[in-house]
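Work through the following exercises with the model open. Each task is followed by a stepwise solution.

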Amino acid sequence: MSFASTSIRSFMVLTEDDGGPGSKFEREPEYYTVDQLKRWLKCRGLKQGGKREEILKRVKDCIFSGSHRTLDSSIDDGKWFALKAIKENSELKGNNSVVSLPVIPTTGWREFQSHDIPSLFNYGHIHYYTLESIQNVGSFSDEDGLGHMTDKPMKNGRKYVDSGFVHDMMDTGTSQHYFVRAHVWPSMKMDLPHNVVIVLSVNSGAVIHASCEPCRASLLGRCSHVVAVLFSILDHVTKHGALISKPCTSKECSWNKGKKRNKDPRRLSSAKYPSKRKESSMPVIDF
């Protein structure tokens, strides 16, 4: 798993102030060359083709929208994001404020569902983790790049589930944590599926951690692929319940038993059978 996807511990985004070469203008865009303008657009994951007038308009539109402060974390293969993550992680450790995350198991995984799903897990946990909890992480503002968080991951996540994009779900667990991993097809199925890992609290059902590899949009663990897996877990709970069904070996034996026919056994001489010729029943002759 790449460094970028595991940096959820720092809950950060890459901005134009983080030292990426060519990612920040000191003057008006008109003063820069076409190559410099393309580099600026590339740092934001935007289209770079076209004539100078088109490129310049694209730059100005981005600046006007206010989304220019946030950079594409995958720029230069994630080099600048990795440098920022190393710096901020070291600062957190120096302040003794690093929140330890559970170690993702490497063994014990079985086809979903093989463990009890936390009974308190519900839609509220998904909504809070995806949209609300980001406001409580650190002291970020809109200028730090978190103003772009919308309900789009929620909408796309539901579409992915309904379209059957989630598959190969497996789970495992400990006394404190419940783990789920799955493959999720991206919106373009020509690409390889994304590897999603999710950690839930056994006691509260809260989403503690999530990652999506190699999804660069999941640096905060809140992309549509992660949400799709969370919705898949919730759908399963709604249909089948949170607890796993009993294995067949623990169920009451159902074979080699006679069928219940609602009969009332008695002596043959006491039995009576309906007669086709008479309205009354015909008694059996006792020899």
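**Exercise 1.** State in which sense strands β4 and β5 pair, and over how many bridges.

Solution. Take β4 as residues 194-201 and β5 as residues 207-213. Strands here are DSSP runs of E with at least two residues, helices are runs of H or I with at least four residues, and both are numbered from the N terminus. Two strands count as paired if DSSP finds at least two bridges between them. β4 and β5 pair in the antiparallel sense, over six bridges. Within this pair, asparagine 195 stands opposite glutamate 213 of β5.

The model is predicted: local features need pLDDT of at least 70 and side-chain atom pairs pLDDT 80 or more, while totals for chains, interfaces and linings use all residues. Residues are numbered from 1 along each chain as its sequence is written, and side-chain values use heavy atoms, leaving out hydrogens and water.

**Exercise 2.** Place this pair in its sheet and find which helix lies across β2, β3, β4 and β5.

Solution. The sheet is open, has five strands in the order β1-β2-β3-β4-β5, and pairs antiparallel. Its edge strands are β1 and β5, each pairing on one side only. Helix α7 (residues 224-240) lies across β2, β3, β4 and β5. To β4, helix α7 runs at about 55 degrees, where axes are lines fitted to C-alpha atoms, for helices over the stretch in contact (heavy atoms within 4.5 Å), and angles run from 0 to 180 degrees between N-to-C directions.

**Exercise 3.** Find what sets the backbone apart at aspartate 168 and at the bond from phenylalanine 112 to glutamine 113.

Solution. Start from the general case: most residues other than glycine have a negative phi, and most peptide bonds are trans. Aspartate 168, in strand β2 (residues 166-173), has a positive phi near 55 degrees. At 47% relative accessibility, aspartate 168 counts as partly exposed, the class between buried (under 20% relative accessible area) and exposed (over 50%), with a 1.4 Å probe and protein chains only. The bond from phenylalanine 112 to glutamine 113 is cis, with omega near 5 degrees. Glutamine 113 sits in the loop between β1 (110-111) and α5 (123-132).

**Exercise 4.** Which elements have the lowest and highest confidence?

Solution. Use pLDDT, the predictor's confidence in each residue, from 0 to 100. The protein's mean is 76, and 64% of its residues reach 70 or more. Helix α1 (residues 3-6) is lowest, at a mean of 38, and β3 is highest, at 94. pLDDT also stays under 50 over residues 136-149.
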